[in-house]
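Got the model open? Let's talk through how to read a few of its features, one at a time.

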Amino acid sequence: ATFVSFNFIMQKGSRLTTLANPIIKYVQHPYYIHRTSNKSLPVYIDLKNGRTRILTILRRIEGDIQALRDDIKKDLFPKDHSTRSKVTVNHTNNNVVIKGDYCF
């Protein structure tokens, strides 16, 4: 799995344009999330307890699911050092469960 990042510059008149020779950064991750048949990411919302508890579920994960959990925790909750984790792994289904609505 690779991630491509492009550098942008501001032109006069607040238009975003790419550089003539964009700098591309490739990042290798030890996990991969397969897309669904309609090419969307398998991110779902689960409502529990009479719609008072909202969970975001990532499915179709292949590879190191613990590394994905750690990356999500680092990106979504950078200053959270509590013992109760908001991001957990369901090893039975190979899902990552996040407390809250993070389905953008």
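What follows is a short chat between a learner and a teacher.

Q: Before we start, what kind of model is this?
A: It's a predicted model, so keep that in mind as you read the features.

Q: How many aromatic pairs does the structure hold?
A: There is 1 aromatic pair. Phe-77 and Tyr-102 make it, with their ring centres 5.7 Å apart and 90 degrees between the planes. Planes over 60 degrees apart count as edge-to-face, and that's the label this pair gets.

Q: Where do the two partners of that pair sit along the chain?
A: In distant parts of it, 25 residues apart. Phe-77 is in the loop between α1 (65-76) and β7 (87-90), while Tyr-102 belongs to the segment after β8 (95-99).

Q: Is Phe-77 buried or exposed?
A: Buried means under 20% relative accessible area. Phe-77 comes in at 12%, so it counts as buried. Its partner Tyr-102 has 26%, which makes Tyr-102 partly exposed.

Q: Which residues make up the largest nonpolar core?
A: Think of buried nonpolar residues joined through their side chains. Here the largest such core has 12 residues, and Phe-77 from the aromatic pair is one of them. Others include Tyr-31, Leu-58 and Ile-61. Two or more residues come from each of α1, β7 and β8, with α1 giving the most, 4 residues.

Q: Why does Thr-36 count as buried?
A: Use that under-20% cut-off again. Thr-36 has 13% relative accessibility, so it counts as buried. You'll find Thr-36 in the loop between β3 (31-33) and β4 (43-48).

Q: What does Thr-36 touch?
A: Leave out residues up to four places away in sequence, and Thr-36 touches Pro-42, Tyr-44 and Arg-60. There's also a polar contact of 2.5 Å between the side chains of Thr-36 and Asn-38.

Q: What is the phi of Arg-60, one of those contacts?
A: Check the sign and the residue type together. Arg-60 has a positive phi of about 60 degrees, although it is not a glycine. Arg-60 is in the loop between β5 and β6 (61-63), and at 44% relative accessible area it is partly exposed.

Q: Where is Arg-51 in the chain?
A: Arg-51 is in the loop between β4 and β5 (53-58). Its phi is positive too, about 65 degrees, and Arg-51 is not a glycine either. With 65% relative accessibility, Arg-51 counts as exposed.

Definitions and conventions
Residues are numbered from 1 along each chain as its sequence is written. This is a predicted model: local features need pLDDT of at least 70, side-chain atom pairs count only at pLDDT 80 or more; totals for chains, interfaces and linings use all residues. Side-chain values use heavy atoms; hydrogens and water are left out. Buried means under 20% relative accessible area, exposed over 50%, partly exposed in between (1.4 Å probe, protein chains only). A polar contact is a pair of N or O atoms within 3.5 Å; within protein, one must be able to donate a hydrogen and the other to accept it, and residues adjacent in sequence count only if both atoms are side-chain atoms. Contact means heavy atoms within 4.5 Å. Rings of Phe, Tyr and Trp (its six-membered ring) pair if their centres lie within 6.5 Å; planes under 30 degrees apart count as stacked, over 60 as edge-to-face and the rest as tilted. A nonpolar core is a set of buried Ala, Val, Leu, Ile, Met, Phe, Trp, Tyr and Cys residues joined through side-chain atoms within 4.5 Å.
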